[in-house]
Amino acid sequence: MLFAPEPLAPTLDSARRVLKQYYGYDSFRPMQADIIESILGGRDTVVLMPTGGGKSVCFQVPAIVQEGVCVVVSPLIALMKDQVEALKANGVSAAYINSSVGQGEQTSIASDCLNGYLKLLYVSPEKLLSEGFLQFLRRLRISMFAIDEAHCISSWGHDFRPEYTQLKLLREQFPQIPIIALTATADRLTQRDIQQQLRLNEPRVFLSSFDRPNLNLIVRPGQDRVGSIVEFVERHPDEAGIVYCLSRKQCETMAEKLKAKGIRAGHYHAGMTPNQRGAVQEAFLKDDLQAIVATIAFGMGIDKSNVRWVIHYNLPKNIEGYYQEIGRAGRDGAPATAMLFYNFGDVMSLRDMLTKDNPSLTQLNLTKLERMQQFAEAAGCRRKILLNYFGEVLPQDCGNCDICRNPPTTFDGSLLAQKALSAVVRMRERASIGLLIDVLRGMRNQAVLTGGYDQIKTYGAGADLPYLDWYSYIHQMLNDGLLYIAYEEGYALKLTDLGREVLQGQRTLALKKFQPAEKAEKPTRASKKAAAQASKPVDATTALFDKLRQLRKRIADEQNVPPYVIFTDTTLQEMAAERPISRVAMLAISGVGMKKFENYGEVFIKEILAYGGAPNPADAMEADDAEEVEEAPAARPARKKDVGDTHETTLQLHRVGLNVDAIAERRNLSPGTIRAHIETLYAKGFPIRLEEFLTMDEFAEIQTAIGQLGGSPLLRDLFDHLREKYDYFKLRLALHYQKKLRGE
Ligand code: ADP
Ligand code: ZN
């Protein structure tokens with residue numbers, strides 16, 4: 001028999017201790033602390049936070065510090081199972097009840113609830129609302145109800161679940177118990193529905209920023225999608241990801257193509273049996289499958305934190321859905337890619353689909369589709385557009401989308417436009433986009449020849465430009481209103497008045513230069529495969545990270561749980577960088593709580609020891625750690641030019657304007673580690689805003705001290721000489737800067 005745990009004081013202080021002890025995290029993210037205070041104060045609370053923002057902690061921690069059990073309503077069996085496994089792995093007593101749980105187990109869970117042992121009980125809405133279960137709940141001491149994925153209550157949303165609307169019963173039957181609603185969907189209608197339907201009582205609403213700066217947003221033209229996706233996955237051999245398709249057929253074909261290339265891929269769609277789907281999902285969670293090709297049905301229940309990329313084979317129906325899907329990548333905060341293939345044909349099929357789907361919502365849905373299309377065709381920072389959709393304003397461009405990485409240059413496109421417009425007229429405004437491009441490029445295919453289009457004056461007039469360039473320019477002309485598409489006439493292109501003016505030379509047209517896709521992706525980051533081929537040395541931190549990852553996979557398989565339940569990628573990365581070999585050092589790693597230390601601390605320390613060697617000084621040095629910094633910078637081994645993933649993440653966050661503390665917070669690393677990253681990056685010539693860390697006056701003073709000591713002084717001597725006025729971080733930056741000035 002299990003005993004009820006000692007009750008804790010329901011204060012923010014004990015919440016902090018719980019966060020460290022059970023989760024291994026040093027501090028709450030800013031919004032989390034406020035939310036937890038509201039919950040501990042007994043208020044109804046609405047939490048709107050993007051996927052990966054850290055919603056679970058918001059109700060789990062209060063559940064642990066409060067007396068009684070927190071009843072969590074969750075729509076999907078897989079989601080419940082994941083969360084409960086993660087909680088147990090952290091040493092929190094939790095259980096779930098749904099249709100998959102047998103009677104015997106239910107009875108034992110019930111008795112754990114009654115004797116106050118269980119802190120969190122996850123249930124499906126169907127189970128919760130059954131009369132027997134409501135009666136059972138009345139016998140319990142309940143701390144709160146947490147409604148996860150609360151947007152399922154709204155018929156406006158994209159995940160509507162009718163059984164959620166019955167949750168109003170909770171307020172009627174348990175008027176005294178606070179209700180916490182959580183979701184990653186923030187639009188106004190959904191918010192209103194949540195509050196009204198759950199009958200929330202003057203709830204406090206927390207709307208966290210929807211920004212996910214670690215996601216690299218990319219849109220590519222929808223040409224040769226299969227080939228591009230295969231190539232992308234091959235270039236990222238160790239990274240798990242999801243490809244979303246619209247149709248089952250596409251989904252299966254795509255998965256086959258990947259498998260044919262030796263990639264561990266699986267497909268997932270609604271036409272499969274629950275068992276088949278469960279098996280695919282399980283294999284993905286366990287890192288046995290690298291890539292899943294899925295229709296939109298996949299992923300809502302996916303808690304996997306190390307999904308590194310999400311690709312949309314088709315244009316999604318709306319921005320909410322798109323954002324939720326890309327949100328499944330990079331939940332651990334490390335860099336991740338969201339790539340969308342955009343093709344005008346998709347807009348056309350989606351229009352058809354939406355018009356048939358639900359006539360009463362057609363207008364709303366078409367408007368949402370238009371916003372999605374605007375995003376895909378954007379000429380400015382994509383993140384600004386996304387955040388704007390959720391009512392947020394990003395003060396500057398993000399630096400981490402294809403447009404920011406490669407801002408388009410404009411040129412006078414009048415002549416080019418005239419060629420296209422003239423061809424449209426000569427083809428008697430009957431041609432679709434594809435045919436127009438073929439004619440401009442002088443192709444000899446059946447459609448061209450049957451129409452007799454090889455006889456017109458503009459045939460071949462644009463043969464000097466590749467297909468994709470034309471594709472881009474014609475879309476720009478559509479967006480600028482020179483052309484429109486007659487949907488009812490087989491999508492034929494027609495001239496507008498504006499188009500006529502340009503054709504007749506009465507008006508000029510600026511076009512944005514087309515950027516080939518490779519440039520838009522990631523210029524700085526060679527894939528591991530390519531790096532190996534070029535026989536560059538593998539970064540020591542990366543090599544250890546791989547070892548730790550293998551160890552994690554072995555343990556996970558033995559215990560039959562997904563690897564990230566043992567430790568997340570970010571935690572392993574920090575271990576690889578910091579190389580903790582003592583209990584204290586291991587517990588200082590973000591994500592290592594007491595229970596995980598007990599279970600795995602020793603084996604991971606052994607692995608780190610077996611890997612051997614002192615940590616890379618630049619990675620391990622803390623500014624206040626004077627003992628470890630005795631060697632002079634000049635004595636360091638030669639550095640190679642590129643840096644590991646963890647440095648790159650820091651660089652990206654620095655580039656988008658975050659300061660050291662903000663980066664540390666976001667990455668669950670210590671500020672000392674981030675400073676070490678900054679130093680390494682700066683030393684290796686990456687663009688770091690030095691003035692943020694070292695003023696010119698400070699540098700002058702340090703330089704004078706170096707002169708007074710003569711030669712290349714030891715850091716420690718410099719530190720002493722300056723009477724400890726500057727920490728080692730500043731001193732090292734000053735030395736690097738001095739070297740740069742001397743051209744070394
Ligand atoms: P959501 O439910 O909002 O999608 P999660 O609750 O799964 O997000 O949290 C995303 C990730 O962030 C998880 O790996 C979680 O453990 C981690 N996390 C949450 N809160 C913190 C915190 N205060 N410090 C560090 N990591 C955190
Ligand atoms: Zn941007």
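Student: What makes helix H19 (residues 433-440) "mostly covered"?

Tutor: In this predicted model, seven of the eight residues of H19 are buried. Buried here means under 20% relative accessible area. The residues that pass are Ile433, Leu435, Leu436, Ile437, Asp438, Val439 and Leu440.

Student: And what do the buried residues of H19 pack against?

Tutor: Three helices and two strands: H18 (414-426), H20 (446-451), H21 (467-479), S15 (483-486) and S16 (492-495). Right after H19 comes Gly442, with a positive phi near 70°.

Student: Why is strand S6 (residues 179-183) called largely enclosed?

Tutor: Because five of its five residues are buried, the rest of the structure largely encloses S6. Ile179, Ala181 and Thr183 point one way, Ile180 and Leu182 the other, and all are buried. That fits the usual picture, in which side chains of a regular strand alternate between the two faces of the sheet.

Student: How do you know that S1 (residues 45-48) and S6 pair?

Tutor: Pairing takes at least two bridges between the strands. S1 and S6 have four, in the parallel sense, so by that cut-off they pair. One of the bridges links Val47 to Leu182 of S6. S5 (residues 142-147) also pairs with S6 in the parallel sense, over three bridges, and there Ile147 has Ala181 as its bridge partner.

Student: What makes the buried residues of H5 line one face of the helix?

Tutor: Start with who they are: Gln106, Ile109, Ala110, Asp112 and Cys113. Looking down the axis of H5, they fall within an arc of 160°, so they line one face. As a rule, an α-helix has 3.6 residues a turn, so residues three or four places apart point the same way. In H5, the buried residues pack against S3 (94-97), S4 (120-123), H6 (125-129) and H7 (131-138).

Student: Why is the zinc ion (ligand 2) site called tetrahedral?

Tutor: Four donors count as tetrahedral if all angles lie between 85 and 135 degrees. Around this zinc ion the angles run from 101 to 121°, which makes the arrangement tetrahedral. The donors are the SG atoms of Cys381, Cys398, Cys401 and Cys404, at 2.4 Å. In sequence they are spaced C-x16-C-x2-C-x2-C.

Student: How do you know whether Cys398 is buried or exposed?

Tutor: Check its value against the cut-off for buried, under 20%. Cys398 has 5% relative accessibility, so it counts as buried. Cys401 is buried too, with a relative accessible area of 0%.

Definitions and conventions:
Residues numbered from 1 in each chain as written. Chains lettered and ligands numbered in written order. Predicted model: local features only at pLDDT ≥ 70, side-chain atom pairs only at ≥ 80, totals over all residues. Heavy atoms only, no water. Donors = N, O, S within 2.8 Å, 3.2 Å for Na, K, Ca; no water. Tetrahedral: all angles 85-135°; square planar, octahedral: opposite > 155°, others 65-115°. Buried < 20%, exposed > 50% of the residue type's maximum accessible area, 1.4 Å probe, protein only. Contact = heavy atoms within 4.5 Å. Arc of directions from axis to C-beta.
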